[in-house]
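Please open the model in your viewer and keep the selection tool at hand. The tour below proceeds one selection at a time.

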Amino acid sequence: MKIISESLKINKTLRNLRYSSSFRGKRLPIAGRDRNGVASTIIDALKHNNTLESLNLQSNGLDENHAKLLGEALKINTGLVSLNLHANVLRSEGIKALCEGLCENRALANLRISYNHFDQEGAMHLASMLQVNSYLENLDISWNQLGTIGAGFISQSLKVNQTLVKLNLSACRLGDDGVFLILKSLAENMTLTEVQLQGSGIEDKDHLMAVLADQKVFMFD
């Protein structure tokens with residue numbers, strides 16, 4: 001671990017790094033799978049490394065403790081542009097810690113936290129972050145259990161945020177009411193060009209299509 005840590009701290013050439021397990025499918029990732037501490041070591045190195053631009057840590061069983069480390073690192077890091085945390089176990093508590101870091105971060109533009117088992121509470125923390133963060137452009141929070149209440153939190157943040165360009169809300173159990181809230185909020189948003197809503201459980205698609213803004217690109221079921 002010391003070799004990895006020291007190497008990343010002094011690195012001036014590595015731009016992209018991927019460290020992920022062979023996890024596949026829709027089973028629940030095992031929280032704390034990072035038993036050898038490699039992912040934690042990489043995260044800690046972000047406090048010192050501003051050369052790395054893209055980091056993929058998907059499918060490592062990262063939990064709220066890893067998210068706290070990430071949050072602290074993101075408060076300091078000024079180089080990382082893309083972060084992939086797909087298929088981990090951050091849950092809402094981890095999302096809260098991550099968002100605390102993103103509120104102070106001035107570099108990250110692309111964040112993927114799909115399939116991380118958080119609910120409306122996690123959506124609330126994301127919404128609060130989106131109201132102050134002006135750097136994030138692409139956000140993927142698909143395959144989480146936001147529901148209608150979570151959609152309400154996100155929709156309120158979209159009325160304020162003027163940075164996001166792409167937002168993936170697929171398979172978040174939004175339902176008709178949740179999707180309607182998201183679409184209505186776009187009347188006050190001037191930057192989003194694509195919102196993905198596949199698997200939202202939409203029943204009255206004609207009604208929802210009626211509120212679409214011409215300049216937006218949406219993907220439904």
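**A helix and its surroundings**

The buried residues of helix H6 pack against three elements: helix H5 (120-130), strand E6 (166-168) and helix H7 (175-185). The model is a predicted one.

Begin by selecting residues 147-158, which make up helix H6. Its 12 residues reach 17 Å from the first C-alpha to the last, close to the 16 Å expected at 1.5 Å a residue.

Next, within H6, highlight Gly147, Gly150, Ala151, Ile154, Ser155, Ser157 and Leu158, the buried residues of this helix. Turn the view to look down the axis of H6: the buried residues fall within an arc of 160 degrees, so they line one face of the helix.

Then select Ile149, which also lies in helix H6. Is Ile149 buried or partly exposed? Its relative accessible area is 49%, and Ile149 is therefore partly exposed, as the range for that class runs from 20% to 50%. Add Met124 and Phe153 to the selection: together with Ile149 they form a nonpolar patch on the surface. The accessible area of these three residues together is about 250 Å².

Finally, move to helix H7 and select Phe180, which is found there. Phe180 has a relative accessibility of 27% and counts as partly exposed. Draw a distance from the C-alpha of Phe180 to that of Gly152: the separation in space is 9.5 Å, while the two residues are 28 residues apart in sequence.

Note on methods. Residues numbered from 1 in each chain as written. Predicted model: local features only at pLDDT ≥ 70, side-chain atom pairs only at ≥ 80, totals over all residues. Heavy atoms only, no water. Helix = DSSP H or I, 4+ residues; strand = E, 2+ residues; numbered from the N terminus. Expected span 1.5 Å × (residues − 1). Buried < 20%, exposed > 50% of the residue type's maximum accessible area, 1.4 Å probe, protein only. Arc of directions from axis to C-beta. Contact = heavy atoms within 4.5 Å. Patch = residues over 30% accessible without salt bridge, like charges linked within 9 Å, V, L, I, M, F, W, Y side chains within 5 Å. Areas by Shrake-Rupley, 256 points an atom, 1.4 Å probe, with all protein chains shown as cover. Salt bridge = Lys/Arg side-chain N within 4 Å of Asp/Glu carboxyl O.
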